[in-house]
Amino acid sequence: MIQTKGLSMRFADGTAIHYQDLTFEQGRSYALLGASGCGKTTLLNMIAGVLRPSEGEILIDGENVVDWPQRRRDHFRIHEIGYIFQDFKLLEEMTVRDNIDIVRLEGVDTRGADALLERLGIQRLKKRRVRSLSGGEKQRVAIARALIKAPRIVLADEPTGNLNFEVGSAVMDQLLENLNGGTLIAVTHDDRLAPRFDCVLDMNQIARGEVSA
């Protein structure tokens, strides 16, 4: 279970975002909807340990990860969190399989990669260079790279943002079908995808912006 309490993030330009307390239950999927700039990606990055909140707590199974040293937060992110980025962050000149196997450098076992690629419908592409793939195919590779860790938590920042609705819907369905009991927190701009999730959160109501005088 993930809980946030009294969470705020202040930025160098004097702006800040304050969040209502949130709870994300294990094994459930959550969609974060809201206008650009309302703090959705910032929330993902704080949960992932990429950003340290200015105030508040992030409790994972009762432990406040904000208090952890950076090395422990990094280890948790590498081994327990699958992060799917909006811009994929794939290595374009490498093959699909090489993009999956690169996480072996972090100590992740990738022997199940072929089976995962098969479930995502891209096993036939494993020897293709990423630069030759379509947007939907690249997104599936990014999902495979995140899920190969069998993560407890999957964070997805606009996982269908670069895709049309039909392709995006298929990609989202495949992501949800392959969570294997993990918790999914996904930022999306497309409220048509909302029915696929267990819970939908309107970040326009949950996060409040502030500008210092």
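## A pocket, its lining and the rings around it

The lining of the largest pocket is made up of nine nonpolar residues and five charged ones, with no polar residue among them. The structure described here is a predicted model, and every value given below was computed from that model. A natural place to start is the pocket itself, whose volume comes to about 350 Å³. Of the 14 residues that form its lining, those closest to the centre are Y83, F85, E106, R145 and K149. Three elements, namely α2 (70–80), β7 (81–84) and α5, each contribute at least two residues to this lining.

Two of the residues closest to the centre of the pocket, Y83 and F85, lead on to the next topic, which is how aromatic rings are placed against one another. The structure contains three aromatic pairs. In one of them, F24 and Y30 meet edge-to-face, with 5.0 Å from centre to centre and 90 degrees between the planes of the rings. F24 has a relative accessibility of 0% and so counts as buried, because the limit for that word is under 20%. Y30 is buried as well, with a relative accessible area of 4%.

How are the rings of Y83 and F85 arranged, stacked or edge-to-face? These two form a stacked pair, in which the centres lie 4.5 Å apart and the planes are 5 degrees from each other. With a relative accessible area of 11%, Y83 is buried, whereas F85, at 27%, is partly exposed. The two words differ because buried requires a relative accessible area under 20%, while partly exposed covers the range between that limit and 50%.

Rings can also have a charged side chain above them, and two arginines in this model illustrate the arrangement. R72 lies over the face of W68, at 3.9 Å from the centre of the ring. R192 is placed over the face of F165, and here too the value given is 3.9 Å from the ring centre.

The last stop is helix α5, which spans residues 135–147 and includes K138; α5 is also one of the elements that supply at least two residues to the lining of the largest pocket. Is K138 buried or exposed? Its relative accessibility is 15%, so K138 counts as buried. When neighbours within four places in sequence are left aside, K138 is in contact with F88, L90, E92, V130, R131 and L133.

Technical notes
Residues numbered from 1 in each chain as written. Predicted model: local features only at pLDDT ≥ 70, side-chain atom pairs only at ≥ 80, totals over all residues. Heavy atoms only, no water. Phe/Tyr/Trp six-rings, centres within 6.5 Å; stacked < 30°, edge-to-face > 60°. Buried < 20%, exposed > 50% of the residue type's maximum accessible area, 1.4 Å probe, protein only. Lys NZ or Arg CZ within 6 Å of the ring centre and 35° of its normal. Helix = DSSP H or I, 4+ residues; strand = E, 2+ residues; numbered from the N terminus. Contact = heavy atoms within 4.5 Å. 1 Å grid on protein atoms, 1.4 Å probe; cavity = no way out; pocket = protein on both sides within 12 Å on 5 of 7 lines; lining within 4 Å. Points joined across faces, edges and corners; volume = space filled by probe spheres on them. Nonpolar A, V, L, I, M, F, W, Y, C, P; charged D, E, K, R; others polar.
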